[in-house]
Amino acid sequence: MSGIIKKISMLRTGSKHERSEKSLRGRSSIVLRVYRANKAVGDSAHYDTFDVPIQRWTTVLDALLYAKSYKDTSIGIRYSCRMASCGSCGMKINGIPRLACYTNVSEMESGVISCEPLTNFPLIRDLVTDFHQFFSHHKSVRPYIINQNADLRDRKELSEFIQSPRDVDEYLQSSYCIKCGLCYSACPTVATDTKFPGPQALAQAYRYSADTRDTGSREDMKAIDDKHGIWRCHFAGSCSSVCPKGVDPALGIQLLRGHMMSFSKHNKKIAELKHHSHGNQIT
Amino acid sequence: MLRERQIMRIHYITGLAALFVVAVHILMRLIMPFHMSLQYSNVIANYHNLPYVVLLESILVLLAIHGFNGLRIILLELRQNRTWENGVTISTIAAMIAIIAFGTRTIIIANGLGVV
């Protein structure tokens, strides 16, 4: 894990443009090493290599799709939006969890790009992993607004929460999470403790705890205040380093711990609720 | 049954308090040359000094609580099943009580209250 952190810090040094100029110089193709395994048919784990032509704008996902289209159609890969919105194409690229669609091949230092499935997830086939446990941890923190006063299902009476920009700033960053699982894959605690909810779920717990529209207390929840809960975070910070959306789960976890420890004042402000009868427009 | 947040609060507080009392304990070694501080007569004299006895007992209790809870946390991360978790919790609490009892007995004996 320290190797991953070292690689991440190495990648963060130096300008992205300089690196891409340097690494692309005189290179028209790369070697793609793709992890292959299909235990369902007794296929043991191995790497297949493919020579893939590249352009300046080629992403790792483009390279993989080229290999899948023209070299080996059996490569197992999950993807959807191709624009870092859906979080489907998470994988380890040269040892670091990244989104394949958001990683340009020119960012890579070497001409050989290794693609492996995300660690800390059960493998389904090749680069495709099972997110069942990840989403069950996510659901366990009740990742939605709980407010008994606002009946969102009653269309006859519309409700409006009044929040200031400052209130929004408290949780906005954490709300950018796309549930790609990169932080979960990079977390050293998840690697050893399968009951640990992981950075994504805990950051979402913070996100809804910090939201003034929410009145439900998540701090007493068993998933969080448990012997395998929030207290097992080692604050390695690798979750924040790999997040493609700039979310800082490590910070969210520390802030939530501070609230739970009562080291920080936590008189939660609740957003004012304005009711509008049916037909009146909300301004 | 304590909540995990209460256990961790105790863990952090005992850790910080242990830092303070151990610092005082080390400083007490420096009021005379180090080799002299470990001579039998000086050690026994320390055990007869009531404030120092309180300090030693505090170090014992604080480090035992902090250390064994730390050990419990490490062991809980190794495996996740109810038998292991209960076993680890019971074992570490038992070991903590045993260490505190044995250390307290040593302090009492050296202080001269336990023997005639």
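Into which domains is chain A divided? In this predicted model, chain A splits into domain 1, residues 2–129, and domain 2, residues 132–273. Let's walk through the chain, its core and its partner, chain B.

**Chain A and its two domains**

Chain A has 283 residues, and 36% of them count as buried. Its secondary structure consists of 10 helices and nine strands. Among the contacts in chain A with a separation of 6 or more, 70% join residues 24 or more positions apart.

Where the domains meet, 17 residues of domain 1 of chain A are in contact with 17 residues of domain 2 of chain A. On the domain 1 side, helix H1 (2–12) and strand S4 (96–99) of chain A are the elements that give two or more residues. The largest share of that side, four residues, comes from S4(A). By class, the domain 1 side that touches domain 2 holds 11 nonpolar residues, five polar ones and one charged one.

**The nonpolar cores**

The largest nonpolar core has 61 residues. Those touching the most other members are A:Leu32, A:Val60, A:Ala63, A:Leu64, A:Ala100, A:Ile113 and A:Cys115. Helix H8 of chain A, residues 198–209, gives the most to this core, with six residues. Both domain 1 and domain 2 of chain A take part, as the core draws at least three residues from each. There is some general background to keep in mind here: in soluble globular proteins, nonpolar side chains tend to be buried together.

A:Val60 is a good residue to click on. Leaving aside neighbours within four places in sequence, A:Val60 is in contact with A:Ile93, A:Ala100, A:Thr103, A:Val105, A:Ile113 and A:Cys115. Apart from the largest core lies another core, of seven residues, which includes B:Ala18, B:Leu63, B:Ile65 and B:Phe68.

**Two loop residues with positive phi**

Two residues of chain A other than glycine are worth a look for their backbone: A:Asn94 has a positive phi, near 50°, and A:Asp126 also has a positive phi, near 50°. The table sets out their surroundings.

| Residue | Phi | Loop in chain A | C-beta neighbours within 10 Å | Class |
|---|---|---|---|---|
| A:Asn94 | near 50° | between S3 (90–93) and S4 | 19 | partly exposed |
| A:Asp126 | near 50° | between S6 (123–125) and S7 (128–129) | 23 | buried |

Why does A:Asn94 count as partly exposed? A:Asn94 has 19 C-beta neighbours inside 10 Å, and a residue is buried if 20 or more other C-beta atoms lie within 10 Å of its own. A:Asp126 is buried because 23 other C-beta atoms lie within 10 Å.

A:Asn94 also has partners further along the chain. Not counting residues up to four places away in sequence, A:Asn94 touches A:Met108, A:Ile113 and A:Ser114. A:Ile113 is also one of the residues in contact with A:Val60. From A:Asn94 to A:Glu116 the C-alpha to C-alpha distance is 8.1 Å, with their positions 22 residues apart in sequence.

**Inside chain B**

Helix H3 (residues 40–48) and helix H5 (residues 82–111) of chain B have axes that come within 8 Å and cross at roughly 105°. H3(B) and H5(B) are therefore roughly perpendicular to each other. H3(B) brings B:Ile44, B:Tyr47 and B:His48 to this contact, while H5(B) brings B:Ile107, B:Ala110 and B:Asn111. The residues of the contact divide into four nonpolar, two polar and no charged.

Which residues does B:Val53 touch, not counting residues up to four places away in sequence? They are B:Tyr47, B:Ile107 and B:Asn111, and each of these names also appears in the contact of H3(B) with H5(B). B:Val53 itself sits in helix H4 of chain B, residues 50–78. B:Val53 counts as partly exposed because it has 17 C-beta neighbours inside 10 Å. B:Val53 and B:Asn111 are 58 residues apart in sequence, yet their C-alpha atoms are 8.0 Å apart in space.

**Where the chains meet**

How many residues of chain A are in contact with chain B? The contact involves 13 residues of chain A and nine residues of chain B. On the chain A side, the residues that touch chain B comprise three nonpolar, four polar and six charged.

Definitions and conventions. Residues are numbered from 1 along each chain as its sequence is written. Chains are lettered from A and ligands numbered from 1 in the order in which they are written. This is a predicted model: local features need pLDDT of at least 70, side-chain atom pairs count only at pLDDT 80 or more; totals for chains, interfaces and linings use all residues. Two residues are in contact if their C-beta atoms, placed from the backbone, lie within 7 Å. Ala, Val, Leu, Ile, Met, Phe, Trp, Tyr, Cys and Pro count as nonpolar, Asp, Glu, Lys and Arg as charged, and the others, Gly among them, as polar. Domain bounds come from an automatic or database domain assignment. Axes are lines fitted to C-alpha atoms, for helices over the stretch in contact, and angles run from 0 to 180 degrees between N-to-C directions. Angles under 35 degrees count as roughly parallel, over 145 as roughly antiparallel, 65 to 115 as roughly perpendicular and the rest as oblique. A nonpolar core is a set of buried Ala, Val, Leu, Ile, Met, Phe, Trp, Tyr and Cys residues joined through C-beta atoms within 7 Å. A residue is buried if 20 or more other C-beta atoms lie within 10 Å of its own, exposed if 12 or fewer, and partly exposed in between; C-beta atoms are placed from the backbone.
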